[in-house]
Amino acid sequence: MTVFSDQPNRLPQAPLRLLELVRAGIGTGAPDVRSFEGLDAAAWQELLDLSIRQGVIALAYDGAMTLPAGLHPPKQVRLPWALHVESVERRSQHQAEVAGEIARLLAAENIPALQFKGASLARFYPTPSHRESGDIDLYLFGHAARAEQLLLQAGATKYEMSHERHLIVVYKGVPIELHHHFIDEDKSESRELEQNLQEFAQGIYGEPPAGKFLLPPPDFDALFVMIHTMGHFIRLEIVLRQLCDLACLWKACGSEIDRNAYVERFERAGYAPLSDALTALCVRYLGLAPDQAPSHAENRPLEERILHELFFPVARKNCNSWIGIIQYKFLRLKGLAWRYRLAGHNYPRRVWKAALRFFRHPIAAAKL
């Protein structure tokens with residue numbers, strides 16, 4: 001059992017202010033104006049830089065614009081920030097255009113495709129184009145290899161390191177993940193969760209509108225987004241954007257989700273402590289109303305440790321040499337040990353798989 005100190009990891013003011021801005025940006029609460037009185041350009045620049053690292057630059061900008069005009073960021077920060085937001089919007093528009101092309105290409109060959117996570121979650125946000133996304137994720141109902149062939153013929157390029165869960169191609173600058181299945185954990189409990197997701201996906205199997213992909217039902221999104229967020233936290237890192245996905249999803253669709261079944265699935269899988277902590281963070285810091293959230297137990301020491309490591313990762317990638325990259329990988333794996341124990345995963349096996357992946361695909365692995 002992992003034991004957590006009762007002493008909270010106190011966050012500095014900048015992350016706390018960012019949480020307030022993001023809460024306003026996703027429409028779940030207003031920022032406390034007292035937190036922003038007297039901020040100088042350096043303090044606002046720190047918030048801008050932090051929002052970039054956390055994948056919420058447009059959401060934080062939206063929140064900042066809800067402040068009284070006299071408390072807005074100064075011009076020398078506000079203008080570059082606005083340009084970043086425009087870039088996010090252009091990227092979102094480009095991804096939507098690429099998605100439409102791919103949807104029509106696959107439909108012409110009678111290949112069904114379900115779009116999930118990433119860009120598909122933008123529909124739950126007040127301003128969908130302000131949810132940052134780097135790729136398009138598609139589940140192909142057993143036709144991933146055929147879809148890859150079609151995209152390669154259409155001009156896509158194959159990514160060096162695909163994954164046992166999916167193939168990856170890059171089409172017009174956008175990475176496209178073509179999924180065989182949804183999760184790839186070895187625990188039998190995780191295989192049950194995969195089966196649940198497959199059943200939800202099969203339930204909406206059919207022909208989508210022209211130029212569109214199939215979209216999953218709320219029960220699928222709730223289950224998958226939490227599984228995916230937990231997986232990132234256990235194996236890599238999470239950023240604030242992923243908590244925003246949870247908060248916006250439950251705010252938009254909470255009444256349509258079978259909450260009892262949702263909670264029971266994570267309890268059976270042994271993931272309830274972690275899923276509860278992530279839900280509690282959405283309620284406490286992102287303004288998700290308790291009656292919109294699934295039932296969850298509170299564990300403040302665990303919640304605060306997760307939040308602290310979200311803003312201050314156990315290892316930060318800032319190296320240009322192979323020695324530095326290996327050192328970063330080692331420190332990150334070492335720092336993840338407690339997370340694997342929390343989830344009941346096999347930590348030595350994870351270390352072994354990470355080493356194999358690095359030596360089989362060193363260039364691609366170095367980018368992760």
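This is a short dialogue on reading helices, burial and backbone angles in a predicted model.

Me: Before we start, what should I know about the model and its numbering?

Reply: Residues are numbered from 1 along each chain as its sequence is written, and side-chain values use heavy atoms, with hydrogens and water left out. It's a predicted model, so local features need pLDDT of at least 70 and side-chain atom pairs count only at pLDDT 80 or more, while totals for chains, interfaces and linings use all residues.

Me: How many helices and strands are there in the protein?

Reply: Helices (H or I, at least four residues) and strands (E, at least two) are DSSP runs, numbered from the N terminus. Here you get 15 helices and 5 strands.

Me: And what share of the residues is buried?

Reply: Buried means under 20% relative accessible area, exposed over 50%, and partly exposed in between (1.4 Å probe, protein chains only). Of the 368 residues in the protein, 52% are buried. As for the surface, accessible areas come from the Shrake-Rupley method with a 1.4 Å probe, and for residues only the protein chains shown count as cover. The protein exposes about 17,000 Å², with carbon and sulfur atoms supplying 53% of that.

Me: What part of the contacts comes from residues 24 or more positions apart?

Reply: A contact means heavy atoms within 4.5 Å. Take the contacts with a separation of 6 or more: residues 24 or more positions apart account for 71% of them.

Me: Okay, helices. How do I read the span of helix 11?

Reply: The expected span is 1.5 Å times one less than the number of residues. Helix 11 (residues 300-311) has 12 residues and reaches 17 Å from its first C-alpha to its last, close to the expected 16 Å. Helix 10 has 15 residues and reaches 20 Å, close to an expected 21 Å.

Me: Are those two helices mostly covered or mostly bare?

Reply: Mostly covered: in helix 11, 9 of the 12 residues are buried, and in helix 10, 13 of the 15 are. The buried set of helix 11 includes Pro301, Leu302, Ile306 and Phe311, and also Glu303, Glu304 and Glu309. That set packs against helix 1 (13-25), helix 2 (41-53), helix 7 (218-235), helix 8 (240-253), helix 10 (272-286) and helix 13 (337-343). Right after helix 10 comes Gly287, with a positive phi near 75 degrees.

Me: How many residues of helix 3 are buried?

Reply: In helix 3 (residues 57-64), 8 of its 8 residues are buried. Among them are Ile57, Tyr61, Asp62 and Gly63. Those buried residues pack against helix 1, helix 2, helix 4 and helix 8.

Me: How do I describe a pair of packed helices?

Reply: Two packed helices are described by the angle between their axes and the distance between the axes. Axes are lines fitted to C-alpha atoms, for helices over the stretch in contact, and angles run from 0 to 180 degrees between N-to-C directions. Angles under 35 degrees count as roughly parallel, over 145 as roughly antiparallel, 65 to 115 as roughly perpendicular and the rest as oblique.

Me: So what about helix 2 and helix 4?

Reply: The axes of helix 2 and helix 4 (residues 75-108) come within 9 Å and cross at roughly 15 degrees. The two are therefore roughly parallel to each other. On the helix 2 side, the contact residues include Trp44, Leu48 and Ile52, and on the helix 4 side they include Val77, Trp81 and His84.

Me: And how do helix 1 and helix 2 cross?

Reply: Their axes come within 10 Å, at roughly 70 degrees. That makes helix 1 roughly perpendicular to helix 2. Among the residues that meet are Arg17, Leu18 and Leu21 of helix 1, and Trp44, Leu47 and Leu50 of helix 2.

Me: What is odd about the backbone of Lys117?

Reply: Lys117 has a positive phi, about 45 degrees, although it's not a glycine. Lys117 sits in the loop between strand 1 (114-115) and strand 2 (136-139), and at 10% relative accessibility it counts as buried. Phe141 is a similar read: positive phi of about 55 degrees, again not a glycine. Phe141 lies in the loop between strand 2 and helix 5 (144-153) and is buried, at 11%.

Me: Which residues does Gln115 touch, leaving aside neighbours within four places in sequence?

Reply: Gln115, in strand 1, is in contact with Ser120, Ile136, Asp137, Leu138, Phe213, Leu214, Leu215 and Pro216. Gln115 is buried, with a relative accessible area of 11%.
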